[in-house]
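Got a chain in front of you and not sure where to start looking? Let's go through it together, one question at a time.

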Amino acid sequence: MASQRTSAIAQAGAVSQALVGGPLGQQQGNRYTARPAILSAAAAFLGVSALSGVAADAETSAPVQVADDPYARPAAAQPLPSKITLYQYEVCPYCCKVRAMLDYYKLPYTVIEVNPLTKGELKWSTYKKVPVVKLDEEVVVDSSAIMSRLATDVAASRPAPAAAAAPAAPKKPSGGFSFFGSSGCSDESAVKDQGAANFAGPALEEEVKWRKWVDQTFVKVLTANIYRNWDEALETFKYITDQTSWSWGTRELARWSGAVIMWQVGKKMPKKYGIEGDLRLALYAAADDFVENGLRGRTFAGGAEPNLADVALFGVVRAVRQTGAFRDLMAQSKLAPWFQAMEERVGDSARVATVMGSM
Ligand SMILES: N[C@@H](CCC(=O)N[C@@H](CS)C(=O)NCC(=O)O)C(=O)O
């Protein structure tokens, strides 16, 4: 009983780490080594994201290459795979980006739900984070690298959509909470979006800038919001644990312990992520920044058709749609029309099957 409890709490910790997306593994060059699952779970439980590295069972796992620049489109396209397998956590924002991409491009995929504690489903790999995809037998890791790769392959194998209306000149991102880091905004004017097949130059730079903003800014401000206080931490964990196939007891234990853990971790997030003032206002400001400077009066950041920044942001926002943060975001920010338009474009899920990891 005691060990079952410990396990459920550790699972809650691992799941909460999944949502935070903290780095529990170690990247060495473009090779990735992972820590033993129990250490990851314990670290997650403690809310620690920087324990010293412990070498994984690398001799029994296939080394996995991590892209040097996950936002760069590969120079050459590959034929579209006949089978796509996504190793994921249902609630991980990075996995949600990849699912949004597969849904948008109508690429049928099978989901393997990874056990966040043991990561047994990834024992064949040295890279222990999710998402991981198998494109037929080829392994690609990192949500952004997966999206860059598939966008290139889709563009090469499907006709490009009709050219979109030329957008207005990009504006500099607004000030306040640091949204962009060092990736500046190009002031090029009138970029014609001709779909992914002809995506190059300023339009691509603009897309990459907003893709980075999704990963480096929006995910953080959104995560801080879904754990903003006790009620929201509990609501979030109710939703997270409802996605699992765990037994009633395990689920309840994980729900309550996860909520407690993330309520505490959540208190530290604003400082950790450099978010000043009211968290909800920071969330609305982030969303409005995207609407004003990313959309610039257009339906999508990509113009008349979504680009990878739209798809990435959509995946991350859709992941929290059961939460108060989502409801407030739709009611109080300018994002709702874009979200509805994205929902229509993305349409039904292309998921064909889900295999639940062992618990
Ligand atoms: N840059 C990666 C981040 C992936 C990531 O941090 N995944 C988290 C789940 S949201 C994870 O697997 N954490 C577990 C661990 O680090 O061991 C991506 O975009 O795919």
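Q: At what angle do H3 and helix H4 (residues 143-157) pack, and which word describes how they lie to each other?
A: This is a predicted model, so keep that in mind as we go. The axes of H3 and H4 are 9 Å apart, and the angle between them is about 15°. Angles under 35 degrees count as roughly parallel. H3 and H4 are therefore roughly parallel to each other.

Q: Is the crossing of H3 and H4 left-handed or right-handed?
A: Picture H3 passing H4 and look at which way the crossing goes. The handedness here is left-handed.

Q: Which residues of H4 make the contact with H3?
A: Start on the H3 side, where Tyr94, Lys97, Val98 and Met101 take part. By class, the contact of H3 with H4 has six nonpolar residues, one polar and one charged. On the H4 side, the residues are Ser143, Ile146, Met147 and Leu150.

Q: Helix H3 (residues 93-104) also packs with helix H9 (residues 308-318); which word describes how H3 and H9 lie to each other?
A: The axes of H3 and H9 are 7 Å apart, at an angle of about 120°. Roughly perpendicular covers 65 to 115 degrees, and roughly antiparallel needs over 145. H3 and H9 fit neither, so they are oblique.

Q: How many charged residues are there in the contact of H3 with H9?
A: The crossing of H3 and H9 is right-handed. From H3 come Pro93, Cys96, Lys97, Arg99, Ala100, Met101 and Tyr104, and they meet Val311, Ala312, Phe314, Gly315, Val316 and Arg318 of H9. Sorted by class, this contact of H3 with H9 has nine nonpolar residues and one polar, and the charged ones number three.

Q: Now for the sheet: which are the edge strands of the open sheet of five strands?
A: Read the strand order across the sheet, E6-E5-E3-E4-E7, with mixed pairing. An edge strand pairs on one side only. That picks out strand E6 (138-141) and strand E7 (351-356).

Q: How much does the sheet twist, on average, from one strand to the next?
A: Think of stepping across the open sheet in the order E6-E5-E3-E4-E7. From one strand to the next, the twist averages 20°.

Q: Which residue in E7 is the bridge partner of Thr110?
A: Strand E4 (residues 109-113) and E7 run parallel, and five bridges join them. Follow the bridge from Thr110 across to E7 and you land on Ala353.

Q: Which residue in E6 does Val133 stand opposite?
A: Let's hop across two pairings. Strand E3 (residues 84-88) and E5 pair in the antiparallel sense over four bridges, with Leu86 opposite Val133 in E5. E5 and E6 are also antiparallel, over four bridges. There, the residue that Val133 stands opposite is Val140.

Q: Is Asp136 buried or exposed?
A: Asp136 sits in the loop between E5 and E6, a hairpin with two residues between the strands. Its phi is near 55°, which is a positive value in a residue other than glycine. A residue with 12 or fewer C-beta neighbours within 10 Å counts as exposed. Asp136 has 12 inside 10 Å, so it counts as exposed.

Q: Where does Arg296, which has a positive phi, lie, and how exposed is it?
A: Arg296 is not a glycine, yet its phi is about 50°. You'll find Arg296 in the loop between H8 and H9. It has 15 C-beta neighbours inside 10 Å, so Arg296 counts as partly exposed.

Q: Which loop holds Pro131, and what is the peptide bond before it, cis or trans?
A: Pro131 is in the loop between E4 and strand E5 (132-135). Going from Val130 to Pro131, omega is near 5°, and the bond is cis.

Q: How far apart in space are Glu292 and Lys334, C-alpha to C-alpha?
A: Glu292 belongs to helix H8 (residues 279-295). It has 14 other C-beta atoms within 10 Å, so Glu292 is partly exposed. Along the sequence, Glu292 and Lys334 are 42 residues apart, but in space the C-alpha to C-alpha distance is 8.8 Å.

Definitions and conventions:
Residues are numbered from 1 along each chain as its sequence is written. This is a predicted model: local features need pLDDT of at least 70, side-chain atom pairs count only at pLDDT 80 or more; totals for chains, interfaces and linings use all residues. Two strands pair if DSSP finds at least two bridges between them. Axes are lines fitted to C-alpha atoms, for helices over the stretch in contact, and angles run from 0 to 180 degrees between N-to-C directions. A residue is buried if 20 or more other C-beta atoms lie within 10 Å of its own, exposed if 12 or fewer, and partly exposed in between; C-beta atoms are placed from the backbone. A crossing is left-handed if the near helix is turned anticlockwise from the far one by less than a right angle, and right-handed if clockwise. Two residues are in contact if their C-beta atoms, placed from the backbone, lie within 7 Å. Ala, Val, Leu, Ile, Met, Phe, Trp, Tyr, Cys and Pro count as nonpolar, Asp, Glu, Lys and Arg as charged, and the others, Gly among them, as polar.
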